[in-house]
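Opening the notebook on this one. I want to look at helix burial, helix packing and the cysteines, and jot down what turns up.

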Amino acid sequence: MSAADDWPLDPGAGLGCLLCGPPGDEIVEGLATAAREKGWSVCLATDLAKEDHREAGREIEAGLKRLAQVEGAGADLLLIVGVGSSGTAAFLQACRSRRVGALAIVDVPLILDALDAQRPVQPLEMLLNLEVPLLRLESMGPSALEPDHSQRVDLQLDASSRDHQSHRIPSADLRSPLVFFLLEAFLSTHLEILP
């Protein structure tokens, strides 16, 4: 039995969305509410083994499989949204999984200061494996991420010619209604699956 079997899953008739973030996070909770109101299928992963990227990847893939089994969840176009350090594991799994149709990350570190047995891969190096559109949102003033890291990610995204959008948003404005608005616009433009 996987930890993903215990994640809250709310079936809907629309897009399947796996939300990965810290427990009680305002953005994660707000996105889950907005997605449910739109009729999306929502699976909430707030207890990821975020310090062990391999284990977290297995959990995320199990959550995607579970979400894909929901009738009408768009099994070939599942969305992962990662927030904070949990989003690093979500990014890595989106680079590996065949179930993912789009990825959105909010204040997600893609450059790690140190690698170890549980985090053996530099996330930014996996970017070439990312085959789905990426929406990247970062807070500023103050920034949640290292400024030089953010610039390196920008350069790497542009150099790799990946389908992406990046937005820097004042910390005071980075709330779930704005994030959901940007997410819907992104999906509508890049996947043409939303009205």
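**Entry 1: a covered helix**

I listed the buried residues of α3 and got S86, G87, T88, A89, A90, F91, L92, Q93, A94 and C95. A reminder to myself before going on: this is a predicted model. Helix α3 spans residues 86–96, and with ten of its eleven residues buried I'm calling it mostly covered.

What sits on top of those buried residues? I found that the cover includes four strands' worth of entries to look up, so here they are by name: β2 (16–20), β4 (78–83), β5 (100–106) and β6 (134–140), along with helix α2 (53–68).

**Entry 2: K50**

Next I looked up K50, which is placed in the loop between β3 (41–45) and α2. Buried or exposed? Neither, as it turns out: K50 has 33% relative accessibility, so I put it down as partly exposed.

I then skipped its neighbours within four places in sequence and checked what else K50 touches; the contacts are S85 and S86. S86 is also on my list of buried residues in α3. I checked K50 against S166 too: they are 116 residues apart in sequence, and their C-alpha atoms are 23 Å apart in space.

**Entry 3: α1 against α5**

I moved on to a helix pair, α1 (residues 26–37) and α5 (residues 176–190). Their axes are 8 Å apart and the packing angle is about 55 degrees. Angles from 65 to 115 degrees would count as roughly perpendicular and those under 35 as roughly parallel, so α1 and α5 are oblique to each other. I noted the crossing of α1 and α5 as right-handed.

Which residues meet here? From α1 I have E26, I27, G30, L31, A34 and A35, and across from them in α5 are S176, V179 and F180. Sorted by type, the residues of this α1 and α5 contact come out as six nonpolar, two polar and one charged.

**Entry 4: cysteines**

How many disulfides does the structure hold? I got zero. I wanted to know why C43 has no partner: its closest cysteine sulfur is in C20, 8.3 Å away, which is too far for a bond. The cut-off I used is 2.5 Å between sulfur atoms. C95 is in no disulfide either, and there the nearest cysteine sulfur, again that of C20, is 13 Å off.

I checked accessibility for both. C43 is at 0% relative accessibility, so it goes down as buried. C95 is at 7%, so it counts as buried too, and C95 also belongs to the buried set of α3.

Notes: Residues numbered from 1 in each chain as written. Predicted model: local features only at pLDDT ≥ 70, side-chain atom pairs only at ≥ 80, totals over all residues. Heavy atoms only, no water. Axes fitted to C-alpha atoms, helices over the stretch in contact; angles between N-to-C directions. Helix = DSSP H or I, 4+ residues; strand = E, 2+ residues; numbered from the N terminus. Parallel < 35°, antiparallel > 145°, perpendicular 65-115°, else oblique. Left-handed = near helix turned anticlockwise from the far one by under 90°. Contact = heavy atoms within 4.5 Å. Nonpolar A, V, L, I, M, F, W, Y, C, P; charged D, E, K, R; others polar. Buried < 20%, exposed > 50% of the residue type's maximum accessible area, 1.4 Å probe, protein only.
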